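Q: I would like a close look at one part of this protein, with its surroundings explained step by step. Could you walk me through the sheet and the pieces around it?

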Amino acid sequence: MKKTKPAPTTSKPAKLADWTILIYMAGDNDLDDFGGDDIDEMKKVGSSDRIHVLVQRDTAAAGVPAKRYRVRKGTTAETDVVQSIGETNTGDPKVLADFLKWGRTQYPAKRTMAVLWNHGSGWDDTDIYAEAKRRGLNPPPSRPPSAAGQRRSGARGRPMLPGGFIHRSAAKKRFRGPFFLTAFQLEKVGGKRRAIAFDDDAQDFLDSVEMKKVFIAAARAAKRKFDVIGMDACLMSMVETGLQVQQAGEVFCGSQEVEPGEGWPYDRILKVLAAKPEMDGRELTKVIVKEFVASYSKSQAVTQSGFDLAALKTVQKAANELGTLLAKAYKTRDFATQGAIMNARVRAQGYEHADYVDLTDFASRLAASLPGFALVAKKVRDAVAACVFANSAPNTKVKASHGLSIYLPLGKVSPLYKNLDFAKGGWGAFLAARMA
């Protein structure tokens, strides 16, 4: 390979490009090896005068600092480093805020996409690190650097045990990323992991409230919203998650179901963008949805969707109206209606996380068994259809996915739910009435 000089540390802003892609690679966990693979994918296309592909990568390797890259084609990853920023905690809101500010300031563009790359589990902010400590279970120290390009078997929604092997019984517990604990320990922790941007070394993560504050502050500082807010993580395409960043972005892109460990196919996405860098955020999101699903076997139950964040307000209104009607059945002790509601909930399209269902499918099943709910159920379906502009879920296991999930647990409601913007309306009242 022809030798290339390292990219210099930026001292003054680059010229205005069409797109700046900011990928916050929170890899201080079992996904670390996939991070190297994804950078290799990005390098097949790389940055240009019209597209800046920027990555901030924190790894699980001991003694290796977090680095910022402007990814280029025909170079080694190390020559793409523009800043080495030392040890970071990807769960610290300030770390994400600094990256977003740096990227938008030093590499300005007409349009910007921010991607959170990590484990994800929808809105739920349970502190699994605190729970592990309470039970006397602690993550081991960071691993040594892995071989370049090494792939681990597994998925972003399933746990890895030492050596990279999936423990299937733990996987059924829907554990969102391990501490490299034993299967027995995974069972004792309870098999769940939440939020996003997990940092196993710091034992921290970004919760939904922190994520909201960071994105809104970044949008206000730049005096414009992000054109796309993307989640290369599991289970993030939810009404609740979208509303947390609604004020900071134009469109949202994510998956209702768990993502395989390989995540987004960055080479395929960037190839299409490079051929037409003038495309807008909606068009880029459609590319992501199409290429993500196409990059996996038809036997894999993958999903990906894109929705309009401004239109999500209409979904919120309709879902709250439905929630108010549902709550009435519990407050009046209408047991026949409660039974029909539970039947619709159990039969609705579900996902690896047992507490999430497809909102449209749930509303449709309600209307089919409860004529009195038909009108408000139609409002929900129409609102989702107008909000979701890109959706793909071809596998039969997820074929009733319409692009937006919602929290509807069969058991008790998480006490953390009340912290969300969406929890303050009719849907939150419905969940509370079920527990009364």
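A: Here is a tour of the sheet, strand by strand, followed by a few residues worth finding on your screen. Please keep in mind that this is a predicted model.

Let's begin with the whole chain. The protein chain has 14 helices and 13 strands. Of its 436 residues, 60% count as buried. Among contacts in the chain with a separation of 6 or more, 73% are between residues 24 or more positions apart. The accessible surface comes to about 17,600 Å², and carbon and sulfur atoms account for 54% of that.

Now to the sheet. It is an open sheet of 9 strands with mixed pairing, and the order across it is β4-β3-β2-β1-β5-β8-β9-β10-β12. At the edges are β4 (81-86) and β12 (388-392), each of which pairs on one side only. From one strand to the next, the twist averages 15°.

Within that order, you can look at β5 and β8. Strand β5 (residues 109-117) pairs with strand β8 (residues 226-232) in the parallel sense, over 5 bridges. Here Trp 117 stands opposite Asp 232 in β8. Helix α1 (residues 32-43) lies across both of these strands, as well as β1 (17-26), β2 (51-58) and β3 (66-70). Relative to β2, helix α1 runs at about 165°.

Next, please find strand β10 (residues 304-308). Here 5 of the 5 residues are buried, so β10 is largely enclosed by the rest of the structure. The cover is on both faces: Gln 304, Gly 306 and Asp 308 are buried on one side, and Ser 305 and Phe 307 are buried on the other. Strand β10 also has a partner in β9 (residues 249-254), which runs antiparallel to it and is joined by 4 bridges. In that pairing, Val 251 stands opposite Asp 308. Strand β12 pairs with β10 as well, again in the antiparallel sense and over 4 bridges. There, Val 388 in β12 is the bridge partner of Phe 307.

From β9, you can follow the chain into the loop between β9 and α8 (266-275), where Glu 259 is found. Glu 259 counts as buried because its relative accessibility is 0%, and the cut-off for buried is under 20%. Its side chain reaches the backbone nitrogen of Ala 233 at 3.5 Å. In sequence Glu 259 and Ala 233 are 26 residues apart, while their C-alpha atoms are 6.4 Å apart in space. The side chain of Glu 259 also makes a polar contact with the side chain of Trp 264, at 3.5 Å.

Another buried polar residue to look at is Gln 244, in helix α7 (residues 239-244). Its relative accessible area is 2%, so Gln 244 is buried. The side chain of Gln 244 reaches the backbone nitrogen of Asp 421 at 3.0 Å. Leaving out residues up to four places away in sequence, Gln 244 touches Ser 208, Val 209, Met 211, Lys 212, Leu 420 and Asp 421.

Let's finish with helix α9 (residues 281-294). With 14 residues at 1.5 Å a residue, α9 should span 20 Å, and its end C-alpha atoms are 20 Å apart, which agrees. At the N-terminal end, Asp 280 caps α9, with a side-chain oxygen 3.3 Å from the backbone nitrogen of Arg 282. Buried residues in α9 include Leu 284, Val 287, Ile 288 and Phe 292, and Glu 291 is buried too.

Terms used: Residues are numbered from 1 along each chain as its sequence is written. This is a predicted model: local features need pLDDT of at least 70, side-chain atom pairs count only at pLDDT 80 or more; totals for chains, interfaces and linings use all residues. Side-chain values use heavy atoms; hydrogens and water are left out. Two strands pair if DSSP finds at least two bridges between them. Helices (H or I, at least four residues) and strands (E, at least two) are DSSP runs, numbered from the N terminus. Axes are lines fitted to C-alpha atoms, for helices over the stretch in contact, and angles run from 0 to 180 degrees between N-to-C directions. Contact means heavy atoms within 4.5 Å. The expected span of a helix is 1.5 Å times one less than its number of residues. Buried means under 20% relative accessible area, exposed over 50%, partly exposed in between (1.4 Å probe, protein chains only). A polar contact is a pair of N or O atoms within 3.5 Å; within protein, one must be able to donate a hydrogen and the other to accept it, and residues adjacent in sequence count only if both atoms are side-chain atoms. Accessible areas come from the Shrake-Rupley method with a 1.4 Å probe; for residues, only the protein chains shown count as cover.
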